[in-house]
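Welcome, and thanks for opening the viewer. Please take me on as your guide for a short walk, with something to select at each stop.

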Amino acid sequence: METLVAAGADPKHVIFGHLSLCFDPSWIGDLADFGCYLEFDTFGLEWSELAAAQTTGTTDFVVTNDDHRIWMLEWLFEHGYGDQVVIAQDNFVKIQMTRFGGKGYAHIPENIVPRMRGRGWTQDQLDAILIDNPARALTFV
């Protein structure tokens, strides 16, 4: 973000993605303080789906699970960054599609949202990450 801002980018038009692969509370607040959007786009992705990468030893990251991703979002809301959070699924291989045994494109509304409600998320918080924040992030007016 420092490089982007130094080059003249408006942080309000930047979506910093894949954060659920590298979320670390010790620096995430610094990133959020720039005012960029914080994207958690690996919902539904579990480490077992990346078994080939795991066995080759070619990756240094840890794929979290959906419960940990929800905790990350809760941390951001608790620290005042809820208006910068957007979520998605990074469906990029056929095993993630329902017809091949994956969670499919409806995983967030069908599975994640009910889990969030069960953890005490309000409708306003859900609307923020599912409607309001994405609408604002994708509006370049």
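At what angle do helix α5 and helix α6 pack, and how far apart are their axes? Select residues 107-118 for α5 and residues 123-137 for α6: the angle is about 145°, and the axes are 11 Å apart. Keep in mind as you look that this is a predicted model. The crossing of these two helices, α5 and α6, is right-handed.

Now show the side chains between them. From α5, pick Ile108, Val113, Met116 and Arg117; they meet Gln123, Leu126, Ile129 and Leu130 of α6. By type, the residues of this contact divide into six nonpolar, one polar and one charged.

**Stepping back to the whole chain**

Zoom out and colour by secondary structure. You should find six helices and three strands, running α-β-α-β-α-α-β-α-α from the N terminus on. Buried residues account for 40% of the 141 residues in the chain. If you draw contacts between residues at least 6 apart in sequence, 58% of them join residues at least 24 apart.

**Into the core**

In soluble globular proteins, nonpolar side chains tend to be buried together. Here, the largest nonpolar core has 28 residues, and Leu38, Phe40, Leu73 and Leu76 are the ones to select for touching the most other members. Then add the elements that give two or more residues to this core: α2 (25-32), β2 (37-40), α4 (66-78), β3 (85-87), α5 and α6. The most comes from α4, which gives six residues.

Centre on Leu73 next. Setting aside residues up to four places away in sequence, Leu73 touches Phe40, Phe43, Val85, Ile87, Met116, Trp121 and Ile129.

**Trp121, between the two helices**

Follow that list to Trp121, in the loop between α5 and α6. Is Trp121 buried or exposed? Its relative accessible area is 7%, so Trp121 counts as buried. Beyond its neighbours within four places in sequence, Trp121 is in contact with Ile70, Leu73, Glu74, Phe77, Met116, Leu126 and Ile129. Pick out Glu74 from that group: a polar contact of 3.1 Å joins the side chains of Trp121 and Glu74. Trp121 and Glu74 are 47 residues apart along the chain, yet their C-alpha atoms are separated by 8.7 Å.

**Ser20, in another loop**

Move to the loop between β1 (15-16) and α2, where Ser20 has its place. Ser20 is buried because its relative accessible area is 1%, and the cut-off for buried is under 20%. Which side chain makes a polar contact with the side chain of Ser20? Select Thr42: the contact is 2.4 Å. Around Ser20, again without neighbours within four places in sequence, you will also find Phe40, Asp41, Thr64, Arg69 and Met72 among the residues in contact.

**Last stop: Asp67**

Return to helix α4 and select Asp67. With 40% relative accessibility, Asp67 counts as partly exposed. Apart from neighbours within four places in sequence, Asp67 is in contact with Arg115 and Arg119. Turn on polar contacts, and you can trace one of 2.7 Å from the side chain of Asp67 to the side chain of Arg115. To finish, draw a line between the C-alpha atoms of Asp67 and Ile112: these residues are 45 apart along the chain, and the separation is 8.9 Å.

Technical notes. Residues numbered from 1 in each chain as written. Predicted model: local features only at pLDDT ≥ 70, side-chain atom pairs only at ≥ 80, totals over all residues. Heavy atoms only, no water. Axes fitted to C-alpha atoms, helices over the stretch in contact; angles between N-to-C directions. Helix = DSSP H or I, 4+ residues; strand = E, 2+ residues; numbered from the N terminus. Left-handed = near helix turned anticlockwise from the far one by under 90°. Contact = heavy atoms within 4.5 Å. Nonpolar A, V, L, I, M, F, W, Y, C, P; charged D, E, K, R; others polar. Core = buried A, V, L, I, M, F, W, Y, C linked by side-chain atoms within 4.5 Å. Buried < 20%, exposed > 50% of the residue type's maximum accessible area, 1.4 Å probe, protein only. Polar contact = N/O pair within 3.5 Å; in protein donor to acceptor, adjacent residues only side chain to side chain.
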